[in-house]
Amino acid sequence: MKRLNRSNHEIVLDILRAIDSEGATIYEIQSKVCISYHHLKKYLTYLIQHELIVYKKEEKKFRMTQRGICAVDTYAKMDELLGRIRRENVTKTIEYVASFP
């Protein structure tokens, strides 16, 4: 399933979730995230530089660091909060529109 118009933050989160606690090869990540190899390499470099993931050469897998796990938790909390705000705004809009005669 190809996902279009994702923000950089959503792509980073998708990559971190694809890696999960078991780790993942670059090809496993690519297929789970639906991203080109070229773009994925750029994101993986970014994640390594910011110490969210590490590459284990002996396993040929990327693994999340404790910092990466915290980032996933923080993203999940932000999504929950933003989802609540969006639902509240929709409800307010519906109530506002319904108030018209």
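## A first look around the structure

Asp 20 is found in the loop between α1 and α2. That loop is a handy place to start a tour of this model, which is a predicted one. Right after α1 ends comes Asp 20, and its phi is positive, near 40°. Asp 20 is a residue other than glycine with such a positive value. As for its surroundings, Asp 20 is partly exposed, with 30% relative accessible area.

Glu 51 tells a similar story. Its phi is positive too, near 60°, and Glu 51 is again a residue other than glycine. You'll find Glu 51 in the loop between α3 and β1, the strand of residues 53-56.

Now for the overall plan. The protein has 4 helices and 2 strands. Walk along from the N terminus and the elements come in the order α-α-α-β-β-α. Of the 101 residues in the protein, 29% are buried. Contacts also reach across the sequence: taking those between residues at least 6 apart, 48% join residues at least 24 apart.

Back to helix α1, which covers residues 8-19. How far apart are the end C-alpha atoms of α1? They are 17 Å apart, and this agrees with the 16 Å that its 12 residues should span at 1.5 Å a residue. Quite a list of residues in α1 is buried: Ile 11, Val 12, Leu 13, Asp 14, Ile 15, Leu 16, Ala 18 and Ile 19.

Helix α1 packs against α3, with the two axes 11 Å apart and at an angle of about 80°. An angle from 65 to 115 degrees counts as roughly perpendicular, so α1 is roughly perpendicular to α3. Who makes the contact? On the α1 side it is Asn 8, Ile 11, Val 12, Ile 15 and Leu 16, and on the α3 side Leu 40, Tyr 43, Leu 44 and Leu 47. Sorted by class, the contact of α1 with α3 has 8 nonpolar residues, 1 polar residue and no charged ones. Ile 11, Val 12, Ile 15 and Leu 16, which take part in this contact, are also among the buried residues of α1.

Next, the aromatic rings. A pair of aromatic rings is described by the distance of the centres and the angle of the planes. The count here comes to 2 aromatic pairs, set out below.

| Pair | Centre to centre | Angle between planes | Kind |
|---|---|---|---|
| Tyr 27 and Tyr 37 | 6.2 Å | 15° | stacked |
| Tyr 55 and Phe 62 | 4.8 Å | 50° | tilted |

Take the stacked pair of Tyr 27 and Tyr 37. Tyr 27 lies in helix α2 (residues 26-33) and Tyr 37 in helix α3 (residues 37-49), so this pair ties together parts 10 residues apart in sequence. Tyr 27 counts as exposed, at 56% relative accessibility, while Tyr 37 counts as partly exposed, at 37%.

Then there is the pair of Tyr 55 and Phe 62, with planes at 50°, so the pair is tilted. Is Phe 62 buried or exposed? At 8% relative accessibility, Phe 62 counts as buried. Its partner Tyr 55 is partly exposed, with a relative accessible area of 38%.

Methods:
Residues are numbered from 1 along each chain as its sequence is written. This is a predicted model: local features need pLDDT of at least 70, side-chain atom pairs count only at pLDDT 80 or more; totals for chains, interfaces and linings use all residues. Side-chain values use heavy atoms; hydrogens and water are left out. Rings of Phe, Tyr and Trp (its six-membered ring) pair if their centres lie within 6.5 Å; planes under 30 degrees apart count as stacked, over 60 as edge-to-face and the rest as tilted. Buried means under 20% relative accessible area, exposed over 50%, partly exposed in between (1.4 Å probe, protein chains only). Axes are lines fitted to C-alpha atoms, for helices over the stretch in contact, and angles run from 0 to 180 degrees between N-to-C directions. Angles under 35 degrees count as roughly parallel, over 145 as roughly antiparallel, 65 to 115 as roughly perpendicular and the rest as oblique. Contact means heavy atoms within 4.5 Å. Ala, Val, Leu, Ile, Met, Phe, Trp, Tyr, Cys and Pro count as nonpolar, Asp, Glu, Lys and Arg as charged, and the others, Gly among them, as polar. The expected span of a helix is 1.5 Å times one less than its number of residues.
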